[in-house]
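Reader: I have a structure to go through with you. Can we take it in short questions and answers?

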Amino acid sequence: HNFTLQAAAARLQMAASQARIAGAPLYPQIGAGFNASRRSQNFIGLPIPGSPGGVLSSTTSSFGVSFNLSWEIDLWGRLGAGKAVALANYQAAQADLRGAKLSLSAQTSKAWFAAIESRRQVELAEASMENYQTILEQVRTRYKRGLRPSLDVRFTASNLAIAKDL
């Protein structure tokens, strides 16, 4: 459901359609048509005895069928070059779609590893805080026994406070 991928896929479909259209002038063009018409004409002012209302009229119907065949010879390569350009655009759109897929995969992997790294850093910070707490308890016990100076207790308590802030 990524919009970048959807846009790249739409550009690929558009380029494929344009490539098919660009190749069409290289082939003969065939067309057919059908035409039908009906015409009624009144001759007013001509007195013809026996006609209803004294007006003579005539009706004609015509039908026509046409077939057309045309083909442009590509002497200078204009039509072939147009097809080649459209094909190159299609290939570029394919590469763009593959690049967008690869980029999305890379971004997803990067986000996944960043989430794992963040979780590991939190675990490390919690473990460090537990270690500083244990060390502080040991230093206080030794201070109470007279084996460590009060400066060590304050220094260890400062390290624990710093670890809690992180």
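Reader: Which residue meets Glu-123 in a salt bridge?
Author: This is a predicted model. In it, a side-chain nitrogen and a carboxyl oxygen must come within 4 Å to count as a salt bridge. The N to O distance here is 3.7 Å, and the partner of Glu-123 is Arg-120.

Reader: Where do Glu-123 and Arg-120 lie?
Author: The two residues are three apart. That spacing is about one turn of the helix, and both sit in helix α2.

Reader: Is Arg-120 buried or exposed?
Author: The cut-off for exposed is over 50% relative accessible area. Arg-120 has 51%, so Arg-120 is exposed. Glu-123 has 39%, so Glu-123 is partly exposed. For Arg-120, the answer is exposed.

Reader: How many salt bridges does the structure hold?
Author: One joins Glu-123 and Arg-120. Another joins Arg-78 and Glu-72, with the closest N and O atoms 2.7 Å apart. Arg-148 and Asp-152 also meet in one, at 3.3 Å, N to O. The total is three.

Reader: Is Arg-78 buried or exposed?
Author: Its partner Glu-72 is at 44% relative accessibility, so Glu-72 counts as partly exposed. Arg-78 is at 53%, and over 50% is the cut-off for exposed. Arg-78 therefore counts as exposed.

Reader: What is the relative accessibility of Asp-152?
Author: Asp-152 counts as partly exposed. Its partner Arg-148 is also partly exposed, at 36%. Buried would need under 20%. The value for Asp-152 is 23%.

Reader: How do the directions of α2 and α3 compare, roughly parallel or roughly antiparallel?
Author: Helix α2 covers residues 78-145, and helix α3 covers residues 150-165. Their axes come within 9 Å and cross at roughly 165°. Angles over 145 degrees count as roughly antiparallel. That makes α2 and α3 roughly antiparallel.

Reader: Is the crossing of α2 and α3 left-handed or right-handed?
Author: The angle of roughly 165° does not name the hand by itself. The hand assigned to the crossing of α2 and α3 is left-handed.

Reader: Which strand gives the most to the nonpolar patch?
Author: The patch is on the surface and consists of Phe-34, Phe-63, Val-65 and Phe-67. Together they have about 560 Å² of accessible area. One strand, residues 56-70, gives three residues: strand β2.

Reader: What is the relative accessibility of Phe-63?
Author: Phe-63 lies in strand β2 and belongs to the nonpolar patch. Phe-63 counts as exposed because its relative accessibility is 64%.

Key:
Residues are numbered from 1 along each chain as its sequence is written. This is a predicted model: local features need pLDDT of at least 70, side-chain atom pairs count only at pLDDT 80 or more; totals for chains, interfaces and linings use all residues. Side-chain values use heavy atoms; hydrogens and water are left out. Patches are made of residues with over 30% relative accessible area and no salt bridge: like charges are joined within 9 Å, nonpolar side chains (Val, Leu, Ile, Met, Phe, Trp, Tyr) within 5 Å. Accessible areas come from the Shrake-Rupley method with a 1.4 Å probe; for residues, only the protein chains shown count as cover. Helices (H or I, at least four residues) and strands (E, at least two) are DSSP runs, numbered from the N terminus. Buried means under 20% relative accessible area, exposed over 50%, partly exposed in between (1.4 Å probe, protein chains only). Axes are lines fitted to C-alpha atoms, for helices over the stretch in contact, and angles run from 0 to 180 degrees between N-to-C directions. Angles under 35 degrees count as roughly parallel, over 145 as roughly antiparallel, 65 to 115 as roughly perpendicular and the rest as oblique. A crossing is left-handed if the near helix is turned anticlockwise from the far one by less than a right angle, and right-handed if clockwise.
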